[in-house]
Amino acid sequence: MYNFSKCSHTRDAYGNALVALGEKEPRLVVLDSDLSGSTKTDKFAKKFPERFIDIGIAEQNLIDIAAGLSLSGKIPFVSTFAIFGCGRAWEQIRNTLALDNLTVNLVMTHAGLSLGGDGATHQSLEDIAIMRVIPNMQVIVPADSVETEEVIRYAAENKGPKYIRLSRQSTLDVFRRGEYQFDPSQYPVIEEGSDVTIFTNGCMIRESLKACYALKKEGISIKVINLHTIKPISKKIVIDEAKKSGGIVTVEEHNVIGGLGSAVAEILSQYRPVPMRIIGVNDRFGGSGKVEELYRELDLTPEHIIKAVHEVMKLR
Amino acid sequence: MKPDDIEKLNNIAKKLRKEILLMTAEAGGGHYMSSLSTVEILVSLYFSEIRINVTNPEDPNRDRFVLSKGHAAPALYAIMAETGYFPVDELKTLRRCGSRLQGHPVMHRLPGLDTSSGSLGQGISTAVGIALAGKMDKRKYRVFVLLGDGECQEGIVWEAAMSAAHFKLDNLIAIIDKNNLQISGPTEKVMSLGDLKAKWEAFGWSVFNVNGHDIPDLLATFKKIKTVKNKPIAIIADTIKGCGVPFIENNLKYHTVPLNEEELKKALDCVM
């Protein structure tokens with residue numbers, strides 16, 4: 001059993017990882033769009049002011065300046081809120097970063113519903129869909145602080161454009177520092193089980209585990225897998241899990257259109273059709289409220305997951 | 001530069017015009033009018049000002065050229081062929097499936113391109129990043145970026161302009177090809193740009209005006225800008241869309257419609 005009171009902020013892990021990597025890698029530069037105090041790039045800014053660039057409130061320029069730095073041999077990390085970084089600057093990301101496969105690491109924070117009180121304009125429920133559809137783009141959603149540190153190291157050491165999605169919310173501490181190594185093609189099993197497989201990631205791991213433990217009491221055995229790398233997705237793991245359990249539920253803090261569930265369904269519908277349910281935000285905007293309240297309002301609770309598992313089991 | 005040299009450059013400009021007309025006619029498309037307005041700018045740059053090494057296009061100390069108005073790709077390809085990046089014969093492949101000469105420049109397909117471009121406004125922002133990296137690494141290279149005047153309607157141009165001045169990028173030179181026309185009409189009618197010089201100055205740039213078809217004037221301007229310190233440089237080049245072919249000059253009918261055989265022959269006669 002995971003200890004639900006042990007949580008931490010992946011943004012802090014990101015800021016610390018940048019500082020640690022910055023010591024060793026002189027080509028690493030960090031760009032932000034007037035939100036460094038929130039994205040936690042301020043830690044790097046303090047330590048390496050000559051390699052930190054604040055572009056101000058201008059996300060399109062933020063992305064293309066990062067492209068120019070990458071073209072000149074730098075390894076840029078770019079941060080702002082997910083909705084603005086991915087949304088406002090989407091076409092810069094497509095036409096300048098991705099087209100030439102430039103190495104730029106987009107680490108966008110405050111994704112999903114995590115900016116609760118700020119409401120719909122600041123929440124990001126479409127980012128995975130619009131990043132995933134761009135050729136060359138890698139899309140990663142880290143589970144916790146340890147995985148975030150590992151993913152940031154991976155990003156600094158590997159080529160190509162990457163979208164790394166972080167939340168404002170704290171996440172459940174799943175991995176132990178020093179024991180975990182990130183591999184984009186391997187998805188860690190968070191909980192073993194055999195009746196239904198849940199693919200999830202990020203903040204939804206906690207909700208999925210709650211559902212898993214409740215179902216255990218009913219005698220239903222759920223396997224929870226951390227599908228952190230939505231692109232490139234491991235076709236093999238998705239198919240193998242469908243073969244093993246014969247029923248899949250995906251859980252994501254994102255619109256049900258175009259995200260994790262869609263990515264899994266694209267594989268299963270073609271190569272291993274099995275009963276499946278997609279838990280996510282049902283094509284709606286968010287709104288103001290506490291994150292827990294919004295999860296309830298937008299169908300992202302353990303109860304919704306449990307219902308989906310029952311439906312999948314009936315269809316099997 | 002001696003009069004002989006000027007004549008040599010003017011002859012190269014003529015050759016470029018011919019190549020632009022031939023390759024776009026062959027391709028059955030391409031922005032030849034917008035390309036023709038950039039010819040003398042490119043010739044002055046590539047044959048006098050810019051420090052590049054054709055045999056080592058990746059040299060980290062080379063000057064960079066960003067064609068922010070990516071639709072003038074035919075002109076860029078023509079000058080690149082003329083400079084020796086690839087055989088002039090390859091110009092015939094413009095816009096063909098599988099060609100290195102894409103309708104708008106795609107960097108990873110063609111060695112010698114410093115960026116991809118085509119989506120207006122993005123080139124100057126990318127150029128700011130390249131210039132900034134040059135400053136961070138204390139390299140001596142300069143970054144030249146060619147924009148259209150219509151392109152200045154894009155918001156990102158002004159985001160980039162603001163940031164270049166903020167970072168004091170005197171290694172960044174933006175040349176604005178001011179031909180006063182965009183695809184659906186005169187810029188002043190479509191979306192008035194007002195006083196472009198005042199706008200760039202207000203954004204913190206050092207601004208110069210030049211006749212964009214006058215090679216000695218262009219060369220003299222390139223000399224003048226070398227004295228500018230701590231500010232990015234904008235050169236507003238007055239040009240004529242379709243320059244060199246009187247029957248298409250400023251005639252929007254020809255913005256992208258390919259020339260037919262008869263028109264091509266007539267056009268080639270004008271530029272030879």
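Author: A residue is buried if 20 or more other C-beta atoms, placed from the backbone, lie within 10 Å of its own; it is exposed if 12 or fewer do, and partly exposed in between. In chain A, buried residues make up 58% of the 316 residues.

Reader: What kind of model is this?

Author: This is a predicted model, where local features need pLDDT of at least 70, side-chain atom pairs count only at pLDDT 80 or more, and totals for chains, interfaces and linings use all residues. Residues are numbered from 1 along each chain as its sequence is written, while chains are lettered from A and ligands numbered from 1 in the order in which they are written.

Reader: What makes chain A as compact as a globular protein of that length?

Author: Start with its elements: chain A has 13 helices and 14 strands (DSSP runs, H or I of at least four residues, E of at least two, numbered from the N terminus). Its radius of gyration, taken over C-alpha atoms, is 19 Å. The globule rule (2.2 Å times the number of residues to the power 0.38) gives 20 Å for 316 residues. The two values are close, so chain A is as compact as a globular protein of that length. Its C-alpha trace spans about 60 × 40 × 40 Å along the principal axes.

Reader: How do you know which residues of chain A are in contact with chain B?

Author: Contact asks for C-beta atoms, placed from the backbone, within 7 Å. By that test, 21 residues of chain A are in contact with 21 residues of chain B. On the chain A side, α4 (59-71) and α6 (90-98) each give two or more residues. α4(A) gives the most, with 9 residues.

Reader: What is called the largest nonpolar core, and which residues touch the most other members?

Author: A nonpolar core is a set of buried Ala, Val, Leu, Ile, Met, Phe, Trp, Tyr and Cys residues joined through C-beta atoms within 7 Å. The largest one here has 183 residues, and A:Val249, B:Val43 and B:Val128 touch the most other members. Helix α1 (residues 3-27) of chain B gives the largest share of this core, 10 residues. B:Val128 reaches across chains: among the residues it touches are A:Ile65, A:Gly68 and B:Leu169.

Reader: Where is chain A divided into domains?

Author: The bounds come from an automatic or database domain assignment. They give domain 1 (7-172) and domain 2 (189-315). Their C-alpha centres lie 25 Å apart. The contact between them takes 26 residues from domain 1 of chain A and 28 residues from domain 2 of chain A.

Note on methods: Contact = placed C-beta atoms within 7 Å. Lists of a residue's contacts leave out its neighbours within four places in sequence.
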